[in-house]
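Visitor: Please choose one part of this model for a close look, and then relate it to the rest of the chain. I should like every term to be given with its cut-offs.

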Amino acid sequence: VQLAEAGGGVVQAGGSLSVSCVASRGSLSWYATGWFRQAPGKEREFVAGISRSGISTYYGDSVKGRFTISRDLTKNTMLLQMNSLKSEDTAVYYCAATTRIGQPREFDYWGQGTQVTVSS
């Protein structure tokens with residue numbers, strides 16, 4: 001599977017932004033998928049995931065209640081809706097996929113990333 005993110009940009013603190021991830025060379029229904037982010041000088045951080053079945057979603061503690069992950073299999077696309085954004089959400093956001101079952105946090109396929117900048 002190949003993954004390509006889109007939709008990053010600059011938003012003011014408290015605002016909302018969504019990023020998308022389009023899959024090719026494979027159906028998202030075959031994979032658990034997720035979002036990670038990495039800020040300058042920091043380690044990559046798990047943000048959100050959705051299971052292969054699509055039934056289960058799970059989140060990192062820092063974004064619970066503010067971010068929502070979803071997928072649209074008709075468009076082979078995964079979305080991350082980000083609300084109540086904070087300056088500390090500024091990072092490059094990556095989408096990822098894996099064939100692991102359950103709620104995995106280790107992923108095997110990665111997109112190139114999209115920059116999200118939250119201005120205060």
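**A charged residue and its surroundings**

Guide: Arg-37 counts as buried, at 5% relative accessibility; buried means under 20% relative accessible area, exposed over 50% and partly exposed in between, with a 1.4 Å probe and protein chains only. This is a predicted model, in which local features need pLDDT of at least 70 and side-chain atom pairs count only at pLDDT 80 or more, while totals for chains, interfaces and linings use all residues. Residues are numbered from 1 along each chain as its sequence is written, and side-chain values use heavy atoms, with hydrogens and water left out.

Arg-37 forms a salt bridge with Glu-45, with 2.8 Å between the closest N and O atoms. The term denotes a side-chain nitrogen of Lys or Arg within 4 Å of a carboxyl oxygen of Asp or Glu. Glu-45 is partly exposed, at 28% relative accessibility. The pair belongs to a network of salt bridges that links Arg-37, Glu-45, Arg-66 and Asp-89. The structure holds 6 salt bridges. Arg-100 takes part in two of them: with Asp-108, at 3.1 Å between the closest N and O atoms, and with Glu-106, at 3.6 Å. Arg-100 is partly exposed at 34% relative accessibility, as is Asp-108 at 40%, whereas Glu-106 is exposed at 54%.

Arg-37 also appears among the contacts of Tyr-93, which, leaving aside neighbours within four places in sequence, include Trp-35, Phe-36, Val-47, Phe-67, Leu-80, Met-82 and Val-116. A contact means heavy atoms within 4.5 Å. Tyr-93 thereby leads to the largest nonpolar core, of 28 residues, where Trp-35, Leu-80, Met-82 and Tyr-93 touch the most other members. Such a core is a set of buried Ala, Val, Leu, Ile, Met, Phe, Trp, Tyr and Cys residues joined through side-chain atoms within 4.5 Å. At least two residues of this core come from each of β3, β5 (45–50), β7, β8, β9 (91–98) and β11 (114–119). A second, separate core of 5 residues includes Phe-36, Phe-46, Tyr-58 and Ala-96.

Trp-35 lies in strand β4, residues 32–38; helices (H or I, at least four residues) and strands (E, at least two) are DSSP runs, numbered from the N terminus. The relative accessible area of Trp-35 is 0%, so the residue counts as buried. Leu-3 stands 32 residues from Trp-35 along the chain, and their C-alpha atoms are 11 Å apart.

Leu-80 introduces the neighbouring sheet, as the bridge partner in β8 of Ile-69. Here 4 strands form an open, antiparallel sheet in the order β1-β3-β8-β7; two strands pair if DSSP finds at least two bridges between them. β1 (2–6) and β7 (67–72) stand at the edges with a single partner strand each, so one side of each has no neighbour in the sheet. From one strand to the next, the twist averages 20°, where axes are lines fitted to C-alpha atoms, for helices over the stretch in contact, and angles run from 0 to 180 degrees between N-to-C directions.

Strand β8 (residues 77–82) is joined to antiparallel β3 (residues 17–24) by 6 bridges, with Gln-81 as the partner of Ser-18. Another 6 bridges join β8 to β7, again antiparallel. Side chains alternate along β7: Phe-67, Ile-69 and Arg-71 point to one face and are buried, while Thr-68, Ser-70 and Asp-72 point to the other and are not.

The hairpin of β7 and β8 has 4 residues between its strands, and Asn-76 in the turn has a positive phi of about 50°. Asn-76 counts as buried, at 15% relative accessibility. Its contacts beyond four places in sequence are Cys-21, Val-22, Ala-23, Ser-24, Gly-26, Ser-27 and Leu-28.

In the protein chain as a whole there are 0 helices and 11 strands. The radius of gyration is 13 Å, close to the 14 Å that the globule rule gives for 120 residues, so the chain is as compact as a globular protein of that length. This radius is taken over C-alpha atoms, and the rule is 2.2 Å times the number of residues to the power 0.38. Of the 120 residues, 43% count as buried. Among contacts with a separation of 6 or more, 55% join residues 24 or more positions apart.
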